[in-house]
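Q: I would like a close look at one part of this model. Please start with the whole chain, then zoom in.

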Amino acid sequence: MPRVSQDHLDARRRQILDGARACFARFGYEGATVRRLEEATGLSRGAIFHHFRDKESLFLALAEDDALRMAEVVAEQGLVQVMRDLLSAPGPSDAEHPADWLGTRLEVSRRLRTDPEFRARWAERSRQLTDATRQRLARQREAGNLRDDVDVDVLTSFLELVLEGLVSHLAMGLPADDLEPVLDLVEESVRRHRRTG
């Protein structure tokens, strides 16, 4: 029996995560039944659960994957860019084009409020975004671009709270087409202002 290459296994895992992302974004965690996951991924339950122990493990892997991608954006462009990306993504109710990581983020936020066991498992994985934000802010401070009258940890918490508020706003289906100036203000509030004249 020929062995399956690591590239094939990685591609299959990516196929499952991409399909599951669309399924969770469209139906939520509870509504993403095994049948719907099979339809979204184009794979059988055996193939899906060969790679992931159960639905919760699949969701955690997806959320962790999205957190890692968000952390990469933060490292390069900052947390406000993640928020801008959330605004430019299609809405979670758009079945043809589910929001990229917004759907996952909405489900993570909901489950953190309602599921203590999930909260404990997620706490181990949620540090990536905080660490990336803190490191980005520290680099910006060293470069002289960040205000120096507020501690980096306080600025990190501020930006994370704004992100959670934005996610809640989007989750409620409130209009988001006028929020770019709000994010401009958030970005401006953490920048160092140089005196002129």
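What share of the contacts in the protein chain with a separation of 6 or more comes from residues 24 or more positions apart? Then turn to helix H10 (residues 180–190): which of its residues are buried, and what do they pack against?

A: First, a caution: this is a predicted model. Residues 24 or more positions apart make 68% of the contacts in the protein chain with a separation of 6 or more. The chain holds ten helices and zero strands. From the N terminus on, every element is therefore α, in the order α-α-α-α-α-α-α-α-α-α. Of the 197 residues, 39% count as buried. The exposed area is about 11,200 Å², and carbon and sulfur atoms supply 50% of that area.

Now helix H10. Its buried residues are Leu183, Val186 and Val190. They lie on the same side of H10, because they cover an arc of only 55° around the axis. The general rule for such spacing is simple: an α-helix has 3.6 residues a turn, so residues three or four places apart point the same way. The face turned away from the buried side of H10 carries Pro181 and Leu185, both exposed.

The buried residues of H10 pack against two helices, H5 and H9 (152–171). Take H5 first. Arg84 sits in this helix, which spans residues 79–88. Beyond its neighbors up to four places away in sequence, Arg84 touches Glu180, Leu183, Asp184 and Glu187. One of these, Leu183, is among the buried residues of H10. Arg84 itself counts as buried because its relative accessibility is 14%, below the 20% cut-off.

Next, the loop before H9. Arg147 lies there, between helix H8 (127–142) and H9. With residues up to four places away in sequence left out, Arg147 touches Arg141, Leu155, Ser189, Val190, Arg191 and Arg192. Val190 is one of the buried residues of H10. Arg147 and Glu188 are 41 residues apart in sequence, yet their C-alpha atoms lie 9.7 Å apart. The side chain of Arg147 also makes a polar contact with the side chain of Asp149, at 2.8 Å. Unlike Arg84, which is buried, Arg147 counts as partly exposed, at 27% relative accessibility.

One annotated span remains. The unreviewed UniProt entry places a "DNA-binding region" at residues 33–52. In the model this span is 75% helix and 0% strand. Its end C-alpha atoms lie 15 Å apart.

Technical notes. Residues are numbered from 1 along each chain as its sequence is written. This is a predicted model: local features need pLDDT of at least 70, side-chain atom pairs count only at pLDDT 80 or more; totals for chains, interfaces and linings use all residues. Side-chain values use heavy atoms; hydrogens and water are left out. Helices (H or I, at least four residues) and strands (E, at least two) are DSSP runs, numbered from the N terminus. Buried means under 20% relative accessible area, exposed over 50%, partly exposed in between (1.4 Å probe, protein chains only). Contact means heavy atoms within 4.5 Å. Accessible areas come from the Shrake-Rupley method with a 1.4 Å probe; for residues, only the protein chains shown count as cover. The arc is that of the directions from the helix axis to the C-beta atoms. UniProt positions are given in the numbering used here, feature names are shortened, and annotations may be inferred rather than shown by experiment. A polar contact is a pair of N or O atoms within 3.5 Å; within protein, one must be able to donate a hydrogen and the other to accept it, and residues adjacent in sequence count only if both atoms are side-chain atoms.
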